[in-house]
Amino acid sequence: MSVVTTISEKCQRCYACVRNCPVKAIKVDRGQAKIIEERCIACGSCVRVCAQKAKKVASDISKAEYFLAVEKEVIAIVAPSFPAAFPEFPADNVLSGLYELGFHDVEEVSLGVQLTIPEYKKLIEKAEFPVISSFCPAVVGLIEKHYPDLIKYLAPIDTAMIACGKYIKKHRKKARVVFIGPCVAKKEEARLRGRGVIDAVLTFKELKKMFHEKGIDLKKIKSNPNILHNGKAKLFPLPGGLLANLGYKLDLSNQEFFNIEGRENCFEIIKNLSTGAIMPRFVDILFCNGCIDGPEIDSDVDLITRRNLVAAYARRFGEQAKISAAGLDLKTCFVDRHVDYPVPSEEEIKEILKLTYKIRPEDELNCGSCGYDTCREQAIAAYQGLAEIDMCFPYLLHKSRGEIEYYRNRLNMQRREDLLDAIIGESLAMKKVKQLVERAAATNSTVLVIGESGVGKEVIAQAIHNLSSRRDKPFIGINCAALPELLLESELFGYEEGAFTGARKGGKPGKFDLAHGGTILLDEIGDMPLNMQAKLLRVLQERQFERIGGTNTVEMDVRILAATNKPLKQLVQKGKFRIDLYYRLNVLNIYVPALRERKEDIPLLIGHFMEKMSIEKRVSPKIVSDEAMEALVAYDWPGNVRELENVLERAMIIADGNIIKLEHLPAQVRVNSRPGEEVKIKPLKQAVQELEKSMIENALKLTNNNRVNAAELLGIPRATLYQKLKQFGLL
Ligand SMILES: Nc1ncnc2c1ncn2[C@@H]1O[C@H](COP(=O)(O)OP(=O)(O)OP(=O)(O)O)[C@@H](O)[C@H]1O
């Protein structure tokens, strides 16, 4: 697990961490910013900038407390930047406070600096390559994970922390060593390189918490006589501190030895080194502005004051006593931890940009609100699964306006053109339909809408109503096939109290009542029972009706639209539909063509449904791969637009990335993926097995591998599913 994690309840879509992460090691998943361990260099930038305090640094407090409670010898090794972390107290009081906490001894990590300096000198003298100091764990992480070509330049020498730990463990075999410093990345370093040497790592922030919880007041503390001091190696945490310890004097004309601090400079030198633009003999790189700027130093004084505090402390001591590294192996090695991410093609980047309405170069505002410097970088991250489309603020604005439009649509408040635009389709056939809709809307005549199931007959009926002068009055639909005769009658005309057994107290208004002043759609009219047809005909002729069980006549002011997928003329010939009613209804008729007769509308409908679903279901919009689009257009769509809508809804749910691919479509659609190819004939048994396997895979995907739910979805017993999983090698 990463040393920094996100507290999901606190994370608030501000993307400050994404913006400030120098290596883009943050993945946004459903609005939550998560650290990607394989990219994270533990520099702590995200911890510093998170105003919500949603980033948590892994704590070793309990571990340290456990050691203090049960071990005989627990030694604190303190980073030499500590005077800067406790500006309000004398440095000696801080060290004495550690004894109060229960540490048996306190050492300063400057001891480790003394041990490693001779190793550095030797290395620099004989190295043929530039040498990069390996003291800063964030820099080491940066090189290992992002610039592995530079691993060969990293000094293969232990850091001061590890050297110090090794020295202590050599002389005090049973001791536990707890490092205390300002750095997050030291926790990672201890985990990777300090096993058996460094037993716990506390930050200064954690140490302050421990002092507080134990009620230790550093102002009043008595000085402990055991405090040790390690001379001028204490200057190590200051910018240039390592060069000073190596004995190199600052010489501006010297291009061979230099020190670099701060993240911008750090990236600059690393890029220069990796292109070979510069070839120094030795460079000390610190990710922060010296260790006094470490992310967990928790100091409220500025950097200059911190520098002065460390320098003033170091000035109190002269040359340190010589210590020997004899018998200590201070060598280390580095590992290539680089992980490649897929790189999208130009076409794919453009497609993703289009999802956020960036069609032309000038649409790319590069405003940085998503956390990425450019829209292109965000598109690449979206392709890699690190970013979400919804992170783009200008896009969200567009979308929220779009949503208002969308809801306005639903409230039938838009302009005429918009109302017609709700019928998606630009094919010649649909243009004709739209012309008829306009014509029908201008009259009050009865309209019969005909077409296969799912072609959009209700959409057409709604558009006629929305465009008509009745638009502000109700539009009520009733499915005539779904109800038995008596119920249909009571639904249409309503009933009076006591009309029949079980009639509701006070009666119930019918759809004709409810639609008063508006429009009624009699859907599936071809399935209306003959008796009801007679009653309906009378109502249409007389424009008045009586409620069941009632004596009063109700005047009807309702426009009638009817829809059917049955061939009404044939039903008339067979005596199943009244000819007089047929002529009453068929004043104007609109035939809505099947989707396979207007394939050019398919991509438009796909775009429309994706947008609609992403708004309604709050999922990020997706693009359809060329292959998938080809299959969708080639398929015959027996269930018409409704089937297309369902197929897309399912694909949007199961596609994990931003692209709907062929594999996200159901088998019957995929079969059409190569329309030009000959149809391959396979043994039927094999074809059935392949289909079964793919259905099972889809069911498992849809149910997140829940076999009980998958079996239910597939309509087979669990035991059968298990048997088939085994048979298809899916266990
Ligand atoms: N041209 C279109 N533009 C936008 N959406 C459409 C279009 N045609 C159909 N739809 C959508 O497809 C689905 C089915 O449409 P609708 O219910 O109108 O079909 P229908 O022909 O009335 O079906 P049925 O015969 O089963 O009653 C609905 O979700 C509808 O919104």
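Trainee: Let's start at the N-terminal end. In which loop does R13 lie?

Mentor: R13 sits in the loop between β1 (4-6) and α1 (16-20). Keep in mind throughout that this is a predicted model.

Trainee: How should I read the backbone there? What is the phi of R13?

Mentor: The general idea comes before the case. Most residues other than glycine have a negative phi. R13 is not a glycine, yet its phi is positive, at about 50°. Y15, in the loop between β1 and α1, also has a positive phi, near 60°, and is not a glycine either.

Trainee: And their surroundings: is R13 buried or exposed? Is Y15 buried or exposed?

Mentor: Count the C-beta neighbours inside 10 Å. A residue with 20 or more is buried, and one with 12 or fewer is exposed. R13 has 12 such neighbours, so R13 is exposed. Y15 counts as buried because it has 21.

Trainee: Now for helices. How many residues does α27 have, and how far does it reach?

Mentor: One check is to compare the end-to-end span with the one expected at 1.5 Å a residue. Helix α27 covers residues 640-654, which is 15 residues, and reaches 22 Å from its first C-alpha to its last, close to the expected 21 Å.

Trainee: Which residues of α27 are buried?

Mentor: They are N640, V641, L644, V647, L648 and A651. Look down the axis of α27 and these buried residues fall within an arc of 120°, so they line one face of the helix. The cover over them includes α25 (602-616), β22 (659-660) and α28 (667-670).

Trainee: Let's turn to the ligand. How many residues surround it, and which are the closest?

Mentor: A useful habit is to list the shell, then sort it by element and by class. Here 18 residues surround the ligand, and the closest are I424, G456, K457, E458 and V641. The elements giving two or more residues to this shell are α19 (457-467) and α27. V641 is also among the buried residues of α27.

Trainee: What classes of residue make up the shell?

Mentor: The shell has six nonpolar, seven polar and five charged residues.

Trainee: How do I read links between distant parts of the sequence? Which residues does A175 contact beyond its sequence neighbours?

Mentor: Set separation along the chain beside separation in space. A175 is in the loop between α8 (160-171) and β8 (176-181). Leaving aside neighbours within four places in sequence, its contacts are E73, I75, I168 and K169. A175 and K72 are 103 residues apart in sequence, but their C-alpha atoms are 7.4 Å apart. A175 is partly exposed, with 19 other C-beta atoms within 10 Å.

Trainee: What is the C-alpha separation of I124 and F282?

Mentor: It is 6.8 Å, for two residues 158 apart along the chain. I124 belongs to helix α6 (residues 110-126), and beyond four places in sequence it contacts V131, R281 and F282. For the chain, among contacts between residues at least 6 apart in sequence, 74% join residues at least 24 apart.

Trainee: Finally, confidence. What is the mean pLDDT of the chain?

Mentor: The mean is 89, and 94% of the residues reach 70 or more. Residues 675-679 stay under 50, and the model has one contact for them beyond four places in sequence. For the complex, the predictor gives an ipTM of 0.98 and a pTM of 0.58.

Definitions and conventions: Residues numbered from 1 in each chain as written. Predicted model: local features only at pLDDT ≥ 70, side-chain atom pairs only at ≥ 80, totals over all residues. Helix = DSSP H or I, 4+ residues; strand = E, 2+ residues; numbered from the N terminus. Expected span 1.5 Å × (residues − 1). Arc of directions from axis to C-beta. Contact = placed C-beta atoms within 7 Å. pLDDT = per-residue confidence, 0-100. Near = placed C-beta within 6 Å. Nonpolar A, V, L, I, M, F, W, Y, C, P; charged D, E, K, R; others polar.
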